[in-house]
Amino acid sequence: MKASTVFTPGAFPQHTYVSRGEHSNEQTLRDALDTPGQIVSLVGPSKSGKTVLVEKVVGQDFLITVTGAGIRSPDDIWNRALDWMDVPDAVVEAKTSTQGIEAGVEIGAEGGLPGLAKAQATGNTTGSIENQQTTSTTVNRRGLERVVRDIANSDFVLLVDDFHYMPRDVQSEAAKQLKEAVRKGVKVCTAAVVHRGDDLIRSNPELRGRVRAVDLTYWNQTDLRSIAETGFSLLGVRVDDAVLNSLVAEAAGSPQLMQLLCLNFCFVANVRETQLTHKTLTRTDIDLSRVYEQASAATDFRSLVDVLDAGPRTRGRERRIYDFSDSTRGDVYRCVLKAISADPPRLSFAYDELLKRCAKVVVDDPPVGSSVTSTCLHMSKLALEKFPKERAIDWDESKDILDLPDPYLLFYLRWSQRLRETD
């Protein structure tokens with residue numbers, strides 16, 4: 001068995017799927033899909049395993065996945081579903097009609113019937129004369145109607161992934177058609193990230209009472225650890241607790257990131273397939289920093305980090321430059337990013353915690369509180385302005401809390417070496 005089939009970031013983990021017992025998400029989703037006339041709304045953090053959960057419950061052969069990215073009209077949803085079903089764009093339907101003259105019918109010399117040659121004499125027929133005509137008609141497939149005809153009241157499920165990627169005006173009309181689809185027996189599930197989880201209801205308030213929400217959370221350490229333990233066991237490898245604890249901490253609640261880290265661990269440890277003899281690996285045997293730096297290549301946020309690092313344009317006043325403990329230098333924007341990426345890895349930072357982290361990464365006097373909060377606010381606005389489709393960083397002014405909704409961004413900040421580069 002290859003390591004790349006055991007640990008599968010971005011694909012269904014056939015060998016390392018972990019059922020989160022404390023939440024019973026599988027049964028909750030199964031019950032929701034079995035409820036007639038309801039759209040199932042699956043909401044959870046980025047990279048928390050929403051699509052994998054649906055694949056597990058429905059089965060890959062019965063799951064029709066359409067992503068909201070690139071949808072410009074509701075018809076695009078149905079056309080993509082029909083493409084998955086291999087329904088041709090159009091079919092030619094042929095109809096054959098038969099015309100004839102029964103025995104005993106009088107035909108005159110100048111008489112005739114459509115499609116028949118003129119009769120040459122006058123008299124009565126003694127038999128029947130038949131003629132066949134074939135007409136061809138091109139019939140285009142009709143989106144929603146065809147989908148309803150083919151998969152209504154069946155085990156097939158239409159998953160509209162990343163529903164929040166659709167433009168707002170498209171969401172409204174799409175919600176109406178999804179409502180009609182479930183009314184006619186099509187099983188529909190949508191998936192979205194937490195901060196856009198109510199887009200389906202907001203796009204069409206009439207859906208209240210017709211949407212069953214299934215909420216997911218970040219994974220706990222026990223469930224993440226199970227991914228590693230199951231996979232390493234299949235490969236004939238035992239990994240000590242120090243390594244497992246480090247992998248779990250860096251995954252920051254994301255099963256997808258955990259899969260990526262375990263796979264890169266196997267690459268660095270040269271465990272590319274099941275070992276013929278059982279092998280034990282400890283923290284001293286493997287350079288984990290090499291594992292993480294290699295994995296960071298799959299979590300490229302350079303454009304976003306460059307925007308956050310640069311901050312807004314200054315107007316005549318130079319920003320103060322700080323000396324950092326890693327022998328690099330930078331302004332308050334880089335200081336905050338370094339504080340976010342410091343140990344231990346976290347996705348949410350209260351004001352006091354952020355100030356403490358800033359003090360640890362700066363050699364001398366750290367930035368004052370007002371400077372830090374102003375920086376967080378500006379970074380949040382810049383991220384929203386430059387990257388409106390992904391909620392990369394969020395500053396709550398009322399609570400003074402900084403959130404990173406995407407674990408992959410945190411991992412990139414920690415291990416890509418981008419914050420060690422000079423301008």
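Biologist: What percentage of the 423 residues of the protein chain count as buried?

Modeller: In this predicted model, 45% of the 423 residues count as buried. A residue earns that word when its relative accessible area is under 20%.

Biologist: Thanks! And which helices and strands are there to look at, in terms of how many?

Modeller: The chain has 16 helices and 16 strands.

Biologist: Why are α13 and α15 called roughly perpendicular to each other?

Modeller: Happy to show you. Helix α13, residues 332-341, packs against helix α15, residues 369-386, at an angle of about 85°. Angles of 65 to 115 degrees count as roughly perpendicular, and α13 and α15 are therefore described that way. Their axes lie 10 Å apart.

Biologist: Which residues make that contact?

Modeller: From α13 come Val332, Tyr333, Val336 and Leu337, and from α15 come Ser371, Val372, Thr375, Cys376, His378 and Met379. Seven of these contact residues are nonpolar, three are polar and none is charged.

Biologist: What makes Tyr333 and Cys376 count as nonpolar, and His378 as polar?

Modeller: Tyr and Cys are both on the nonpolar list, while His is on neither the nonpolar nor the charged list and so falls among the polar residues.

Biologist: Now to valine 211: where does this residue lie, and what does valine 211 touch?

Modeller: Valine 211 lies in strand β9, residues 211-215. Leaving aside residues up to four places away in sequence, valine 211 touches Ile39, Ser41, Leu200 and Ile201. A touch here has heavy atoms within 4.5 Å. The C-alpha atoms of valine 211 and isoleucine 201 are separated by 7.9 Å, with the two residues 10 apart along the chain.

Technical notes. Residues are numbered from 1 along each chain as its sequence is written. This is a predicted model: local features need pLDDT of at least 70, side-chain atom pairs count only at pLDDT 80 or more; totals for chains, interfaces and linings use all residues. Side-chain values use heavy atoms; hydrogens and water are left out. Axes are lines fitted to C-alpha atoms, for helices over the stretch in contact, and angles run from 0 to 180 degrees between N-to-C directions. Helices (H or I, at least four residues) and strands (E, at least two) are DSSP runs, numbered from the N terminus. Angles under 35 degrees count as roughly parallel, over 145 as roughly antiparallel, 65 to 115 as roughly perpendicular and the rest as oblique. Buried means under 20% relative accessible area, exposed over 50%, partly exposed in between (1.4 Å probe, protein chains only).
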